[in-house]
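Please look through this note with the model open beside you. Take the points one at a time.

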Amino acid sequence: MTIAEVSERFGLSQDTLRYYERIGLIPPVNRNKSGIRAYTEEDVKWVDFIKCMRQSAGLPVEALIEYVTLFQQGDDTLETRKELLMEQRGRLAAKIEDMTGTLLRLDDKIVRYEQTIVRKERTLRTPAD
């Protein structure tokens, strides 16, 4: 796949894809004879993984770069990679818990506003003669 195709598929700019590769967020992408990036299915899986971890889960760039670096070092880093992912999972779970609490507070506030509006509407009604 070309960088344009990957860009369109994942909704990421070509500059973002180049940046991800430059900083080590995704492994280096092979190039064709003309020097143009030629994304393999494996490269596409990396882009998908990084997009998910960054945009959906909010994992820090530094942690993901560390993960990719460890991955490239081979199987000797399996345990370290697992630990890194478990640590990030714990942080994400705590964030979800915080967000759930915030969501419940917002729901409570909305209910209070709805109750206030209903009371106000009752006082505005004039009794039928």
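The points below go from the whole chain to single residues.

1. **Confidence.** This is a predicted model. The mean pLDDT of the protein is 94, and 97% of the residues score at least 70. Element by element, α1 has the highest mean, at 97. The lowest mean belongs to α3, at 94. Keep one rule in mind when you read any such model. Where pLDDT is low, the predicted coordinates should not be read in detail.

2. **Overall make-up.** The protein has five helices and zero strands. Along the sequence the pattern reads α-α-α-α-α. The radius of gyration is 24 Å, well over the 14 Å that the globule rule gives for 129 residues, so the protein is more spread out than a compact globule. The box filled by the C-alpha atoms agrees with a drawn-out outline: it is roughly 90 × 35 × 20 Å along the principal axes.

3. **Burial and contacts.** Of the 129 residues, 25% are buried. Now take the contacts with a separation of 6 or more. Residues 24 or more positions apart account for 43% of them.

4. **The core.** The largest nonpolar core has 24 residues. Which of them touch the most other members? They are Val-6, Leu-17, Ile-26, Tyr-39, Val-47 and Ile-50. Two or more residues come from each of α1 (3–10), α2 (14–22), α3 (41–56) and α4 (61–73). The most come from α4, which gives six. As background, nonpolar side chains in soluble globular proteins tend to be buried together.

5. **Tyr-39.** Find this residue in the core list above. Leave out residues up to four places away in sequence. Tyr-39 then touches Met-1, Thr-2, Ile-3, Val-6, Leu-17, Val-29, Val-44 and Val-47. Val-6, Leu-17 and Val-47 also appear among the core residues that touch the most other members.

6. **Helix α3.** Does the length of this helix fit or clash with its residue count? At 1.5 Å a residue, the 16 residues of α3 should span 22 Å, and the end C-alpha atoms are 21 Å apart, so the two agree. The buried residues of α3 are Asp-43, Val-44, Trp-46, Val-47, Ile-50 and Met-53. Their cover includes α1, α2 and α4. An α-helix has 3.6 residues a turn, so residues three or four places apart point the same way. After α3 comes Gly-58, with a positive phi near 70 degrees.

7. **Val-44.** This residue lies in helix α3. Is Val-44 buried or exposed? Its relative accessibility is 2%, and the cut-off for buried is under 20%, so Val-44 counts as buried. Beyond four places in sequence, Val-44 touches Met-1, Val-6, Arg-9, Phe-10 and Tyr-39. Ser-56 sits 12 residues along the chain from Val-44. Their C-alpha atoms are separated by 17 Å.

8. **Glu-21.** Look at helix α2 for this one. Glu-21 has a relative accessible area of 13%, so it is buried too. Which side chain does Glu-21 join through a polar contact? The partner is Arg-37, at 2.6 Å. Arg-37 is also one of the residues that Glu-21 touches beyond four places in sequence. The others are Ile-26, Pro-27, Pro-28 and Val-29. Ile-26 belongs to the largest nonpolar core as well.

Key: Residues numbered from 1 in each chain as written. Predicted model: local features only at pLDDT ≥ 70, side-chain atom pairs only at ≥ 80, totals over all residues. Heavy atoms only, no water. Core = buried A, V, L, I, M, F, W, Y, C linked by side-chain atoms within 4.5 Å. Buried < 20%, exposed > 50% of the residue type's maximum accessible area, 1.4 Å probe, protein only. Helix = DSSP H or I, 4+ residues; strand = E, 2+ residues; numbered from the N terminus. Contact = heavy atoms within 4.5 Å. pLDDT = per-residue confidence, 0-100. Expected span 1.5 Å × (residues − 1). Polar contact = N/O pair within 3.5 Å; in protein donor to acceptor, adjacent residues only side chain to side chain. Rg over C-alpha atoms; globule rule 2.2 N^0.38 Å.
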